[in-house]
Amino acid sequence: MTKVLVVGGGASYQQMFADMGYELVYDLSEAELVQFTGGEDVSPVYYGELPHPRTYSNPRRDAQEAAIYQYCIAKQIPMLGICRGAQFLNVMNGGGLIQDVTGHALGGTHPCHSDLLGYKVNVTSTHHQMMVMGDGGHLEGWAWKLAHRKETRPDEQIVLVSQPCEPEVIYYEETNCLCFQPHPEYYGAEETRGYYFACIETFTRGGDSGSSNW
């Protein structure tokens, strides 16, 4: 039974892992898998930009989670990120963020093209920022031209960014980090949840999707 630590807690995340047969632990030294969760935007200083007017960050949380990330790297512990957690892991692996997009904060679902599954899966969508994949990343899942407007702020100007392929799931093999933008922990998100655990089994645990209760 794999031991998973949910960073910052969160009953819905913990229940999801318990339901899938994982053992929850509360001490980082015991963890075999670490889950970063949703919340505030990652501070743009981590990817070398000034903040967009709609970016809201928690520098203290960023610093705490950066320390956990470095611990996991040193101990070779696989890491998972959901929503903000996905964006955080993407940034820590050299990626960036588009700081404000339209078309993804739907409060519902949208189609995601999956390389692993070979077909579209409906995933939850509640985010206003978007991952920009760093070097060494594998684009596992993506939406296509869902956003109508995408803005970033690399200097003092807000500019539109053209990116028709919109990352939803990225895996970094070198650091064993899975960045999953949708919310599999949501009530009723069974399709998204099945896809998430298929990704966990295939990428971070080196198995195959058939062992993930998909």
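A residue counts as exposed when its relative accessible area is over 50%, as buried when that area is under 20%, and as partly exposed in between. These terms are used throughout the following account of a predicted model.

K145 illustrates the exposed class, because its relative accessibility is 56%, over the 50% cut-off. The residue lies in the loop between strand 10 (137-144) and strand 11. Its backbone is also worth attention: the phi of K145 is near 55°, a positive value in a residue other than glycine. Most residues other than glycine have a negative phi.

C83 shows a positive phi as well, of about 55°, although C83 is not a glycine. This residue belongs to the loop between strand 4 (79-82) and helix 3. In contrast to the exposed K145, C83 is buried, with a relative accessible area of 11%.

The account now turns to contacts between charged side chains. Across the whole structure, a search finds 7 salt bridges. One of them joins E151 to R54, with the closest N and O atoms 3.6 Å apart. E151 lies in strand 11 (residues 150-152), whereas R54 lies in the loop between strand 3 (33-36) and helix 2 (59-75), so this pair ties together parts that are 97 residues apart in sequence. The two partners also differ in their surroundings: E151 is buried, with a relative accessible area of 12%, while R54 is partly exposed, at 41%.

Helix 2 contains a further salt bridge, formed by the side chains of R61 and E65, with an N to O distance of 2.8 Å. Here the partners are 4 residues apart in the helix, a separation of about one helical turn. Both R61 and E65 are buried.

Another residue of helix 2, D62, reaches outside that helix. D62 forms a salt bridge with R84, and the closest N and O atoms are 2.9 Å apart. R84 is located in helix 3 (residues 84-92), and this pair, 22 residues apart, links distant parts of the chain. Both R84 and D62 are buried.

How are these charged residues joined into one network? Salt bridges that share partners connect E40, R61, D62, E65 and R84. The network therefore includes R61 and E65, which are separated by about one helical turn in helix 2, together with D62 of helix 2 and R84 of helix 3.

Key:
Residues numbered from 1 in each chain as written. Predicted model: local features only at pLDDT ≥ 70, side-chain atom pairs only at ≥ 80, totals over all residues. Heavy atoms only, no water. Salt bridge = Lys/Arg side-chain N within 4 Å of Asp/Glu carboxyl O. Helix = DSSP H or I, 4+ residues; strand = E, 2+ residues; numbered from the N terminus. Buried < 20%, exposed > 50% of the residue type's maximum accessible area, 1.4 Å probe, protein only.
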